[in-house]
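Work through the exercises below with the sequence and the structure at hand. Each task is followed by a solution in steps.

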Amino acid sequence: MCGIVGYIGSKPVADILLDGLEQLEYRGYDSSGIAVKTETSINVYKAEGKLNNLRSELALHSDEFNKSNMGIGHIRWATHGAPTVVNAHPHTCNCGSLVVVHNGIIENYKELRLELESEGCIFKSQTDTETVAHLVALMYAEVKDLTKAVQLATKKIQGAYALCIMHNNEPDKIVVTKRNAPLIIGLNDDGYYIASDVPAFIKHTKKAVYLNDNQVATLSAKDFILEDENGFEISPKIEVLPWEPVALSKMGYKHFMLKEIHEQPDVIRNILVGKLHTPDSQIILNEVKLNKDTLKNLNRIQVIACGTSLHAAMIGKYIVEDFCGIPVDVEASSEYIYRKTVTDEHTLVIGVSQSGETADTLTAIKQSKARGSHILIITNRPDSAMAREADSLIPVNAGIEVSVAATKSYIAQLTSFYLLAIYMAEIKGSMSVSELVNLKAEMLLLPQKIEQILSNKTVIQDCARKFASTRDFIYIARGINYPTALEGALKLKEISYINATGYPAGELKHGPIAMLDETMPVLSILMKGFVYEKLLSNSEEAKARNARMIALTNSNDPKLNDLFEVIIKVPEVIEVLSPIVAMIPLQLLAYYIAEFLGKDVDQPRNLAKSVTVE
């Protein structure tokens with residue numbers, strides 16, 4: 001869970017590497033470093049903490065590399081070894097001639113380390129990555145060719161990796177390869193860019209080649225050669241990236257998170273364009289390959305996801321079962337991959353991931369695909385590894401999401417689940433025409449209802465100011481909004497570090513009610529519908545224990561005024577669509593509390609945007 005950049009060409013490399021790393025900061029990191037090739041050596045510079053620390057370190061050595069036009073860089077999120085300068089990337093072999101940066105986890109690094117130590121290699125760090133540097137260096141000593149050395153070394157490596165490697169003896173060459181971790185090559189007239197994600201070089205070029213697993217690319221200033229793991233040359237597939245550099249601008253907002261919250265009405269509009277035209281027109285999902293026979297033969301649906309995507313999946317379960325009558329299981333990918341896979345050709349498996357690179361989810365869908373299941377992927381990255389495994393695909397079209405805490409991608413995933421559920425219901429005939437028309441009409445109104453919330457945030461800001469000093473927070477809901485409570489709590493704990501927990505409201509009396517007193521805020525997601533009165537009763541139980549009560553509601557019930565200290569109102573919406581409208585104030589509440597506390601909203605501690613290791 002880190003970022004790789006690289007460049008070889010005609011331009012000075014240091015600023016390109018630093019700017020690329022800055023564009024990848026959103027992925028989360030705790031140290032950084034670069035290696036640049038000079039006339040006589042490869043120089044490595046590393047720093048703990050934020051990227052500014054590396055900039056300060058480089059300012060002391062600018063004379064050493066200001067003419068260099070070849071180098072690699074890295075921001076690290078610690079997995080093996082503490083976040084220190086010694087453990088930061090790049091890593092070198094013993095003589096310093098070979099240097100490597102790495103994303104992923106080398107699963108057999110302990111065995112490799114023992115073997116390498118017996119060969120005389122001396123390890124300086126606690127990382128798994130250093131084994132790669134020593135291993136490739138040993139291979140290079142035998143074959144005297146960096147590309148061949150990388151191909152030989154990777155045959156001994158188990159696990160996930162994206163590798164970017166230079167050797168001082170080959171002054172116009174960078175070799176890159178990957179397995180189960182993203183790596184992209186950008187092409188431009190001035191040279192070649194290397195990155196683990198598009199934002200690192202999107203301002204320089206929109207032409208790119210996505211490496212497939214086990215492919216090895218050898219880059220020089222003027223060309224590159226792509227080979228398979230056995231050394232046979234492959235013709236690269238050059239793609240045009242759909243991203244624009246403006247997506248990486250805050251556009252006047254204080255934080256990317258606030259900008260991305262405000263983008264959500266347009267995100268929904270972008271999803272609906274081409275898929276839902278009018279209330280009486282059918283849903284169009286061109287990349288979903290489910291027909292009546294396929295749906296008829298389905299025994300169940302499994303949805304696999306992590307984090308925020310898991311909460312979207314839980315709401316997906318409610319609506320698919322409600323609209324289509326097909327049983328749906330939802331499971332965290334990190335749990336799914338370590339038990340027996342029981343899917344088959346009668347199971348639809350849905351993988352949900354903002355990045356499309358989440359390691360656990362990618363592994364899970366591969367396991368299910370091997371069992372014959374139809375794989376449907378909901379992702380913000382149609383260019384991702386997960387999308388390439390898909391039989392069916394729903395791109396959520398949210399654009400680049402920079403803030404680590406997911407907001408617009410979550411709303412995009414929810415909207416996509418609604419479209420999928422309606423699409424399946426139309427094929428199955430499991431809902432009446434009038435129900436479908438009413439539901440689609442309500443969906444088309446969602447953007448303007450969200451805009452109403454965003455245009456009047458005063459109550460939310462006042463609530464955030466009032467409760468910013470709390471140490472704990474409880475969110476409660478029932479039915480379809482229980483996952484909304486979980487996601488609201490997750491947003492708060494992610495960026496403010498307040499111990500927030502979501503519960504099904506009916507479970508309060510089965511243990512959590514013991515925590516309630518005058519210091520505990522309880523936020524009730526109290527949307528009108530089937531469970532409204534039940535949740536109102538649960539809120540009264542919490543109030544009777546002196547909890548400080550907050551309501552998020554679309555109700556004008558006068559009883560709420562005596563029960564709740566703060567009432568956050570949202571526009572009228574039918575219950576089944578209420579999770580989309582309810583989530584916006586919860587995102588804003590988390591944002592303003594974190595902002596009042598002076599937290600690093602876009603880059604919270606210990607977190608990474610894309611979890612590309614298990």
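**Exercise 1.** In this predicted model, determine how S12 and S13 pair and what joins them.

*Solution.* Step 1: S12 and strand S13 (residues 224–227) are antiparallel and share 4 bridges. Step 2: one of the residue pairs is Leu219 with Phe224 in S13. Step 3: the link from S12 to S13 is a hairpin of 4 residues.

**Exercise 2.** Find the strand that pairs with S12 through Thr177, and state which way the side chains of S12 point.

*Solution.* Step 1: strand S8 (residues 174–179) runs antiparallel to S12, with 4 bridges between them. Step 2: Thr177 has Val216 as its bridge partner in S12. Step 3: within S12 (residues 216–219), Val216 and Thr218 point one way, while Ala217 and Leu219 point the other way. Step 4: to call a residue buried, its relative accessible area must be under 20%; all four named residues of S12 are buried.

**Exercise 3.** Place S12 in its sheet and identify the edge strands.

*Solution.* Step 1: the sheet is open, has 7 strands with antiparallel pairing, and follows the order S5-S6-S7-S8-S12-S13-S14. Step 2: strand S5 (91–92) and strand S14 (233–234) each have a single partner strand, so one side of each lacks a neighbour in the sheet. Step 3: helix H5 (residues 129–143) packs on this sheet, where it touches S5, strand S6 (98–106) and S7. The direction of H5 makes about 130 degrees with that of S6. Step 4: strand S7 (residues 159–167) is joined to S8 by 5 bridges in the antiparallel sense, and Cys164 has Val176 in S8 as its bridge partner.

**Exercise 4.** Describe the sheet that contains S15, and the helix that lies across S2 and S3.

*Solution.* Step 1: this open sheet is formed by 8 strands in the order S3-S2-S4-S1-S10-S9-S11-S15, with antiparallel pairing. Step 2: its edges are strand S3 (42–48) and strand S15 (239–240), each paired on one side only. Step 3: strand S11 (residues 207–210) and S15 run antiparallel and are joined by 2 bridges; Ala208 is opposite Glu239 in S15. Step 4: helix H2 (residues 51–59) lies across strand S2 (31–37) and S3, at about 140 degrees to S3.

**Exercise 5.** Count the cavities of 30 Å³ or more and characterise the largest.

*Solution.* Step 1: the count is 3 cavities of 30 Å³ or more. Step 2: the largest cavity holds about 80 Å³ of space. Step 3: its lining includes Cys2, Trp77, His80, His89, His102 and Asp128. Step 4: by class, that lining has 2 nonpolar, 7 polar and 2 charged residues.

Methods:
Residues numbered from 1 in each chain as written. Predicted model: local features only at pLDDT ≥ 70, side-chain atom pairs only at ≥ 80, totals over all residues. Heavy atoms only, no water. Buried < 20%, exposed > 50% of the residue type's maximum accessible area, 1.4 Å probe, protein only. Pairing = 2+ DSSP bridges. 1 Å grid on protein atoms, 1.4 Å probe; cavity = no way out; pocket = protein on both sides within 12 Å on 5 of 7 lines; lining within 4 Å. Points joined across faces, edges and corners; volume = space filled by probe spheres on them. Nonpolar A, V, L, I, M, F, W, Y, C, P; charged D, E, K, R; others polar. Contact = heavy atoms within 4.5 Å. Axes fitted to C-alpha atoms, helices over the stretch in contact; angles between N-to-C directions.
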